[in-house]
Amino acid sequence: MNLKFPLFVLLFVSTLASAQETMTVNGSKPYPATQEYTFICEKYAYTGETKVQVAKTEKGGILKLSIVTANEKSRISGGVYVDLANGDVIPCVDKNSKESADGKTTSYYYFTTAEMAKLKKTDIKGIRFIIVGGSNTFGNQTGYFTTVNKTNYFSTAFDTSKKSYDTAKEISTL
């Protein structure tokens with residue numbers, strides 16, 4: 001009995017320590033990553049949600065941006081702008097690194113070492129992006145969108161809890 005309990009605690013702690021998320025880009029090696037955040041995109045009528053994740057690489061970092069689409073022709077395309085809480089903006093160039101599966105489109109954007117240093121100090125406030133696609137009668141909503149760092153749509157005036165993700169804290173631990 002005395003030996004089983006410390007062994008159980010050691011096993012439990014080692015499981016928690018290795019539970020960090022990873023990200024792979026088009027079959028590359030896995031990179032350590034943050035959790036997948038659900039940012040709110042109020043103007044996107046189809047789901048209103050965007051999945052955001054940041055990973056650390058040897059040369060900087062990767063931003064993964066995913067959204068559910070109504071048809072397979074719709075894609076996140078063009079550059080994106082990452083707005084930080086302190087007012088800085090990080091522009092990301094489209095390097096045509098995309099995936100599309102299961103009704104979801106995903107685009108990857110790359111950060112330099114200096115941009116990752118900014119992300120470690122300041123939370124992401126929002127991300128501006130473009131959805132392009134075919135022009136069908138019942139096609140997907142296309143255009144310019146901004147997804148913001150909010151944990152939920154609604155709250156009361158008396159709710160004093162933090163209503164956004166601590167992205168800087170998680171990115172700094174990568």
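In what order do the elements of the chain run from the N terminus on? Let me answer that straight away, everyone: the order is α-β-β-β-β-β-β-β-β-β-α-β-β-α. That makes three helices and 11 strands in the chain. Please keep in mind as we go that this is a predicted model.

A few overall values to start with. The chain has 174 residues, and 36% of them count as buried. It exposes about 10,400 Å², with carbon and sulfur atoms supplying 57% of that area. If you take the contacts between residues at least 6 apart in sequence, 60% of them join residues at least 24 apart.

Now, the strands, and E5 in particular. Eight of the nine residues of E5 are buried, so this strand is largely enclosed by the rest of the structure. Which strands pair with it? On one hand there is E4: E4 and E5 run antiparallel and are joined by seven bridges. These two strands form a hairpin, with two residues between them. On the other hand there is E9, which pairs with E5 in the antiparallel sense over eight bridges. As an example from that second pairing, Leu65 has Ser107 in E9 as its bridge partner.

Let me stop at one residue of E5, Lys64, which you will find in the stretch 60–68. Is Lys64 buried or exposed? Its relative accessible area is 17%, and the cut-off for buried is under 20%, so Lys64 counts as buried. Across the hairpin, Gln53 stands opposite Lys64. Gln53 also turns up among the contacts of Lys64, once neighbours within four places in sequence are left aside. The other residues in that list are Met23, Glu36, Lys51, Val52, Thr106, Ser107 and Tyr108.

On to the interior. The largest nonpolar core has 26 residues. Which of them have the most contacts inside it? They are Leu63, Val82, Phe111, Leu119, Ile127 and Phe129. Two or more residues each come from E3, E4, E5, E6, E7, E9 and E10, and helix H2, residues 113–121, does the same. There is also a second, separate core of seven residues, which includes Val25, Tyr31, Ile62 and Tyr108.

Phe129 is a good place to look around. Not counting residues up to four places away in sequence, it touches Cys41, Thr50, Leu65, Ile67, Ile76, Val80, Gly143, Tyr144, Phe145 and Thr147. Phe129 also belongs to an aromatic cluster, where ring pairs link it with Tyr44, Tyr46 and Phe145.

Speaking of rings, the count of aromatic pairs comes to six. Let me show you one of them, Tyr44 with Phe145: this pair is edge-to-face, at 5.4 Å centre to centre and 85 degrees between the planes. The pair links distant parts of the chain, with Tyr44 in the loop between E3 and E4, Phe145 in E11, and their positions 101 residues apart in sequence. Both Tyr44 and Phe145 are buried.

While we are in E11, have a look at Thr147, which sits in that strand too. Thr147 counts as buried, at 0% relative accessibility. What does its side chain reach? It reaches the backbone oxygen of Ile40, at 3.4 Å. Ile40 is also among the contacts of Thr147 beyond four places in sequence, together with Phe39, Cys41, Thr50, Lys125, Gly126, Ile127 and Phe129.

To finish, some loops. Most residues other than glycine have a negative phi. Here are two asparagines with a positive one. Asn26 has a phi of about 50 degrees, and its place is in the loop between E1 and E2. Asn26 counts as partly exposed, at 46% relative accessibility. Asn96 has a phi of about 60 degrees, and it lies in the loop between E7 and E8. At 62% relative accessibility, Asn96 counts as exposed.

Val93 lies in that loop between E7 and E8 as well. How does its 62% relative accessible area class it? Val93 is exposed, because the cut-off for exposed is over 50%. One last distance for you: Val93 and Tyr81 are 12 residues apart in sequence, and their C-alpha atoms are 8.9 Å apart in space.

Thanks, everyone, and please do ask questions.

Key
Residues are numbered from 1 along each chain as its sequence is written. This is a predicted model: local features need pLDDT of at least 70, side-chain atom pairs count only at pLDDT 80 or more; totals for chains, interfaces and linings use all residues. Side-chain values use heavy atoms; hydrogens and water are left out. Helices (H or I, at least four residues) and strands (E, at least two) are DSSP runs, numbered from the N terminus. Buried means under 20% relative accessible area, exposed over 50%, partly exposed in between (1.4 Å probe, protein chains only). Contact means heavy atoms within 4.5 Å. Rings of Phe, Tyr and Trp (its six-membered ring) pair if their centres lie within 6.5 Å; planes under 30 degrees apart count as stacked, over 60 as edge-to-face and the rest as tilted. A nonpolar core is a set of buried Ala, Val, Leu, Ile, Met, Phe, Trp, Tyr and Cys residues joined through side-chain atoms within 4.5 Å. Accessible areas come from the Shrake-Rupley method with a 1.4 Å probe; for residues, only the protein chains shown count as cover. A polar contact is a pair of N or O atoms within 3.5 Å; within protein, one must be able to donate a hydrogen and the other to accept it, and residues adjacent in sequence count only if both atoms are side-chain atoms. Two strands pair if DSSP finds at least two bridges between them.
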